[in-house]
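Work through the exercises below with the sequence and the model side by side. Try each task before you read its solution.

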Amino acid sequence: MRAADLDIRKLLDVDAHGGVVRFAGERAVILDAGALGRLREELVRLAGYAGARAVLTRFGVEHGARMAEAMTSRLAWDSDAELHGAGALLHTLQGFIRLAPGDTTPLASRGATLLSSYEAEQHLLRLGRADEPVCWMLAGIASGYMTRATGEAVYVIEDRCIGRGDDVCHFQGRTRAAWGGALEEHLPFFRESDLDPSPREPARPRRAAGRALVAKASALPFAAPRGEPPAALVAESPAMRRALDRARRVAPVDSTILLTGESGAGKERVARLIHGASARAAGPFVAINCAAITETLLESELFGHARGSFTGATHDRAGLFEAARGGTLLLDEVGEMPPGVQAKLLRALQERQVRRVGENTSRAVDARIVAATNRALAADAAAGRFRRDLYYRLRVIEIRLPPLRERREDILPLARALLAAASRRLDRPVAGFTPEAEGALERHGWPGNVRELENAVEHAVALARGGVADLDDLPDDVRGADPELRGGASEEPAERTLESVERRAILAALERHGGNQARAAAELGIGASTLYRKLRQYARGAG
């Protein structure tokens, strides 16, 4: 038999009197797509994106495997290729997808492209545009089907998705060995015992496994590039939605971008989003904190150096501009860059060339520049603290990331996503927060923004005694010991200023780290030189 011979009229059997529907000989039910969309919405609400993805992926694997078993046991195929191609056509007949002309299987070298996906459509309708591919069940269906059809474990991964704004959905299927390290971030969403290519007994009990899945689902991480959970990219609030929408719109354009916002607001994660959605996604993403390196070393790091150009330069070394060729270079804390390096950076941006320290020749570079700062660069440029020409060169497109206090709708979704990642990282089965803990999270002022929230959630996961994090598991300041940090009423409203909140956050971080300035600066997401300057200001004020 050939895949093209599949006929839904022969596959679908409806017993109008008995109320039994069979598809390809298997008992089936007909469900409304909108109801499945509602199920997805509830899964995300109850278990977070990670838990929902795990449930739907594993459900899809089971569905795909059963379809493959039905196809192989009931029909004689002309070739393995016909059986493989039958999978996509079968699920087109079931109403899941619309395959691009000429595509038959995700195992093909070019993969398989879908012109429509009910799953992406329902996600957009119910949850809005996502930051990652969302056809989780379809990826599971394809994985289960291809595993059973080929006789070896096949993992099908979606790399383009209508649900995140792409024109089409695209899937690629490979074995674990063929995927290599690229599969690691996706593995937690599959249950490897389900990708066993050998046929299974139909009556094999699964109730215990199902209960274990529900218990552990929300402890899984949400997949993200380089294993980084994109919690900072949760966007329920209008302000954050606008920022992320602008980031996605400008990503395909190779313009220089300036990301502004307070420390810990998620600027690096947005930079990674821009890189991943650009034509440079296959190239490297290179980041440097301009505040953490001295002027001499910063110049060498950015532009490279020749052997013997300074003490310790024992060999020629390429700089980060060259290392980021074909990719993206993130200049974090660019507002802290020394004046001498600013001038050389401006020249590199204008001429698209760099000159290594100690060399007389220039080298062409091809890297997209994304700069990030927590400073008011416009004011610094006006005051002469930052080169005005460099400022305008960097802010071809400016994207402001709002602080967490301006996106309060995001606090609990962020906290749940961070809790899922922390639970897996610490190997602690913590599935959520108590209502009292959630109330404290919502009341807190979050002067350290998402980074502070991430630390608070990890604190709660580490201390939680059971399956949920309680109020007592949160840090003292988050529990509500300080009304000023909570954003609540204060007996001294004149003191409730951004400067005072910042000062309290810095001093609290120093106290938590026993006075270690480097660790405190890392927690707060600022450079060590910035922290030192702030402390000097406080000392002068006290004197």
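**Exercise 1. Decide whether Cys135 is buried or exposed.**

Solution. Cys135 has a relative accessible area of 1%. Buried means under 20% relative accessible area, exposed over 50%, and partly exposed in between, with a 1.4 Å probe and protein chains only. So Cys135 is buried.

A note on the source: this is a predicted model, where local features need pLDDT of at least 70, side-chain atom pairs count only at pLDDT 80 or more, and totals for chains, interfaces and linings use all residues. Residues are numbered from 1 along each chain as its sequence is written, and side-chain values use heavy atoms, with hydrogens and water left out.

**Exercise 2. Find out whether Cys135 is in a disulfide, and name the nearest cysteine sulfur.**

Solution. Start with the rule: a disulfide is a pair of cysteine sulfur atoms within 2.5 Å. The nearest cysteine sulfur to Cys135 is that of Cys169, 3.9 Å away. Cys135 is therefore in no disulfide. By this rule the count comes to zero disulfides.

**Exercise 3. Describe the largest nonpolar core.**

Solution. First, the term. A nonpolar core is a set of buried Ala, Val, Leu, Ile, Met, Phe, Trp, Tyr and Cys residues joined through side-chain atoms within 4.5 Å. The largest one has 31 residues. Cys135, Tyr145, Cys169 and Phe171 have the most contacts inside it.

Next, the elements. Helices (H or I, at least four residues) and strands (E, at least two) are DSSP runs, numbered from the N terminus. Those that give two or more residues to this core include helix 2 (33-74), helix 5 (136-150) and strand 7 (169-175). Helix 5 supplies the largest share, nine residues. A second, separate core has 30 residues, among them Leu258 and Phe386.

**Exercise 4. Place Thr113 and list what it is in contact with, leaving aside its neighbours within four places in sequence.**

Solution. Thr113 sits in strand 5. At 15% relative accessibility, Thr113 counts as buried. Contact means heavy atoms within 4.5 Å. On those terms Thr113 is in contact with Arg98, Leu99, Ala100, Asp103, Val168, Cys169 and His170.

**Exercise 5. State in which sense strand 6 and strand 7 pair.**

Solution. Two strands pair if DSSP finds at least two bridges between them. Strand 6 and strand 7 have six bridges, in the antiparallel sense. One pair is Arg160 with His170, the latter in strand 7. Five of the seven residues of strand 6 are buried, so strand 6 is largely enclosed by the rest of the structure.

**Exercise 6. Give the strand order of the open sheet of five strands.**

Solution. The order is 9-12-15-8-16, with parallel pairing. Strand 9 (285-289) and strand 16 (397-400) are the edges, each pairing on one side only. Five bridges join strand 9 to strand 12 (residues 328-332). There, Phe285 stands opposite Thr328.

**Exercise 7. Describe how helix 8 and helix 9 cross.**

Solution. Two packed helices are described by the angle between their axes and the distance between the axes. Axes are lines fitted to C-alpha atoms, for helices over the stretch in contact, and angles run from 0 to 180 degrees between N-to-C directions. The axes of helix 8 (residues 238-250) and helix 9 (residues 267-276) come within 8 Å and cross at roughly 35°. Leu244, Ala247 and Arg248 of helix 8 make the contact with Val270, Leu273 and Ile274 of helix 9.
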